[in-house]
Amino acid sequence: MALEVWTSVLSLTGVALGGGLTALSQQFTQRSAERAEERRLKAATGEARRAEQLHAIKEFIACAQEAERAAYNRPDAWGGDDDWNGSAGATMTTLWVAERHLVLLCDPDLHAAVHAYGRALNQAVWREIGDTEVNEHLEQHKAAFMTAARASLSPPSDQTS
């Protein structure tokens, strides 16, 4: 009889141990799956955010190009062309809206460069640059903006895949 009791106790202990190990294994698997899902979601969110930032940068570049075109097409006689004044004003408004999008969406390191480039474009369009050529006035600001935009879009160096 004692042997039968010991056999039952050992059998029950084996079942309990097996059930406990199965529960631990399932819990580990579930945690692992949850962590993988979090990483996937974080990567997808980061990529969507980057795409949104890239779109805003492209929009600003397009607006900046339009503002440059307005600066080059400026009539020599100040105030002599109401059509140009109206279209240049609309172009600059669009540029400033695009600049605000960048400030909202992008890295703070980009803010100073985008504002300086926008201000330089504004000065070029409204001829607040004296005798300086438009491209000469914009070159430094454009280069600084492009460098900051590139840095803003590149992944952090401490990020691991």
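Colleague: What makes you say that the sulfur of C63 is too far from the closest cysteine sulfur for a bond?

Modeller: The closest cysteine sulfur sits in C106, and it's 14 Å from that of C63. A disulfide needs a pair of cysteine sulfur atoms within 2.5 Å, so 14 Å is too far for a bond. C106 has C63 as its nearest cysteine partner, and C106 is in no disulfide either. The structure holds 0 disulfides. Keep in mind that this is a predicted model, where local features need pLDDT of at least 70 and side-chain atom pairs need 80 or more, while totals for chains, interfaces and linings use all residues. Residues are numbered from 1 along each chain as its sequence is written, and side-chain values use heavy atoms, leaving out hydrogens and water.

Colleague: Why are C63 and C106 given the accessibility label they have?

Modeller: Buried means under 20% relative accessible area, exposed means over 50%, and partly exposed is in between (1.4 Å probe, protein chains only). C63 comes out at 10%, so C63 counts as buried. C106 has 6%, so C106 is buried too.

Colleague: How do you know which label L54 gets, buried or partly exposed?

Modeller: L54 has a relative accessible area of 28%, so L54 is partly exposed. You'll find L54 in helix α1; helices here are DSSP runs of H or I with at least four residues, strands are runs of E with at least two, and both are numbered from the N terminus. The C-alpha atoms of L54 and S152 are 98 residues apart along the chain, yet 9.5 Å separates them.

Colleague: How do you know what span to expect for α1?

Modeller: The expected span is 1.5 Å times one less than the number of residues. For the 71 residues of α1 that gives 105 Å, and α1 reaches 104 Å from its first C-alpha to its last, close to the expected value. Helix α3 (residues 108-125) has 18 residues, and its reach of 26 Å is close to the expected 26 Å.

Colleague: What makes α1 and α4 roughly parallel or antiparallel?

Modeller: The two helices pack at about 175°, with axes 12 Å apart. The axes are lines fitted to C-alpha atoms, for helices over the stretch in contact, and angles run from 0 to 180 degrees between N-to-C directions. Under 35 degrees is roughly parallel, over 145 roughly antiparallel, 65 to 115 roughly perpendicular, and the rest oblique. That makes α1 roughly antiparallel to α4.

Colleague: Which residues in α1 and α4 meet there?

Modeller: Among them are L54, I57 and F60 in α1, and L138, F145 and M146 in α4. Contact means heavy atoms within 4.5 Å. The residues of this contact divide into 12 nonpolar, 2 polar and 3 charged. Nonpolar covers Ala, Val, Leu, Ile, Met, Phe, Trp, Tyr, Cys and Pro, charged covers Asp, Glu, Lys and Arg, and the others, including Gly, are polar.

Colleague: What is odd about the phi of R127?

Modeller: Phi of R127 is near 55°, a positive value in a residue other than glycine. Most residues other than glycine have a negative phi. R127 is in the loop between α3 and α4, and at 35% relative accessibility R127 counts as partly exposed.

Colleague: And why does R74 count as buried or exposed?

Modeller: R74 has 6% relative accessibility, so R74 counts as buried. This residue lies in the loop between α1 and α2. Leaving aside neighbours within four places in sequence, R74 is in contact with W84, N85, V125, W126 and R127.
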